[in-house]
Amino acid sequence: RRLVWKLETSLTHSSYFGGMPFYFYTLTCVPWFFSAKAFSMLEKGCWYNYSFFLEKVAQVLALKNDSINHFESMIEQEKKEQWRVEGRNYLFDAKRNNVAMLLETNYRERLLTVYNEVKKRLDYQIAVQQLARRKEQDHMINWIEKNVVQSITPQQVL
């Protein structure tokens, strides 16, 4: 039973599957690469055709430059977005301050309304007291005049 386990482990161990591609390439691709057929294909291909090689290098350089320009524009856009995010913080602060100012304005308006209403009521009370005092004075003056007129006898009139 123990032997079976060791056999299974050796067949399914990770190094067994990891080594398979290495052995495949060393046994198949390397001999083909160094064969005469491969050298003849390379001679017909781009290695000895210098203009074809330069054309491919130019295409790769153009692709590289396009990629660099694209990434630089993306960097600029990201910087603009970061600047906008910083501006958004300032905008939120300004809105928060505006809301605080509106609340303060509403509070002061309500405070002024309360002040005016209380002032009206107190002015009314003062007017009522002044009216009562004036009426009392008029009544007292009339009462005194009436009593004085009644106390005057016909002998005193002459």
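This report walks through the fold, confidence, salt bridges and surface of a predicted model of one protein chain.

## Overall fold

Let's start with the architecture. The protein chain holds five helices and zero strands, so its elements read α-α-α-α-α when followed from the N terminus. Helix 4 covers residues 50–151, and much of what follows takes place there.

Burial is scarce here: of the 158 residues in the protein chain, buried ones make up 1%. The chain exposes about 15,500 Å², and 64% of that area is supplied by carbon and sulfur atoms.

## How far to trust the coordinates

Before you set up any calculation, a look at the confidence is useful. The protein chain has a mean pLDDT of 82, with 70% of its residues reaching 70 or more. Among the elements, helix 4 has the highest mean pLDDT, at 92, while helix 1 (residues 2–12) has the lowest, at 51. Over residues 1–6 the pLDDT is below 50, and this stretch has zero contacts in the model beyond near neighbours in sequence. Where pLDDT is low, the predicted coordinates should not be read in detail.

## Salt bridges along helix 4

A search of the whole structure turns up five salt bridges. Three of them are described here, each with its spacing and its exposure.

One of them links R84 to E81, with the closest N and O atoms 2.8 Å apart. Both residues belong to helix 4 and sit three residues apart, about one turn of the helix. R84 is partly exposed because its relative accessible area is 47%, which falls between the 20% and 50% cut-offs. E81 is also partly exposed, with a value of 36%.

R96 and D93 bring their side chains together in another salt bridge, at 2.8 Å from N to O. These two residues also lie in helix 4, with a spacing of three residues, about one turn of the helix. Here the partners fall into separate classes: R96 counts as exposed, because its relative accessibility of 54% is over 50%, whereas D93 is partly exposed at 36%.

Further along, the side chains of K120 and E117 meet in a salt bridge with an N to O distance of 3.8 Å, which counts because the cut-off is 4 Å. K120 and E117 are again three residues apart in helix 4, about one turn of the helix. K120 has a relative accessibility of 54% and counts as exposed, while E117 is partly exposed with a relative accessible area of 36%.

## A nonpolar surface patch

Now for the uncharged side of the picture. M140, W143, I144, V148 and I152 make a nonpolar surface patch of about 490 Å². One of its members, I144, lies in helix 4.

I144 is partly exposed, with a relative accessible area of 42%. That value is over 30%, so I144 passes the accessibility cut-off for a patch residue.

## Pulling it together

Helix 4 ties these features together. Helix 4 carries the highest mean pLDDT among the elements, contains the R84 and E81 pair, the R96 and D93 pair and the K120 and E117 pair, and includes I144 from the nonpolar patch.

Notes: Residues numbered from 1 in each chain as written. Predicted model: local features only at pLDDT ≥ 70, side-chain atom pairs only at ≥ 80, totals over all residues. Heavy atoms only, no water. Patch = residues over 30% accessible without salt bridge, like charges linked within 9 Å, V, L, I, M, F, W, Y side chains within 5 Å. Areas by Shrake-Rupley, 256 points an atom, 1.4 Å probe, with all protein chains shown as cover. Helix = DSSP H or I, 4+ residues; strand = E, 2+ residues; numbered from the N terminus. Buried < 20%, exposed > 50% of the residue type's maximum accessible area, 1.4 Å probe, protein only. pLDDT = per-residue confidence, 0-100. Contact = heavy atoms within 4.5 Å.
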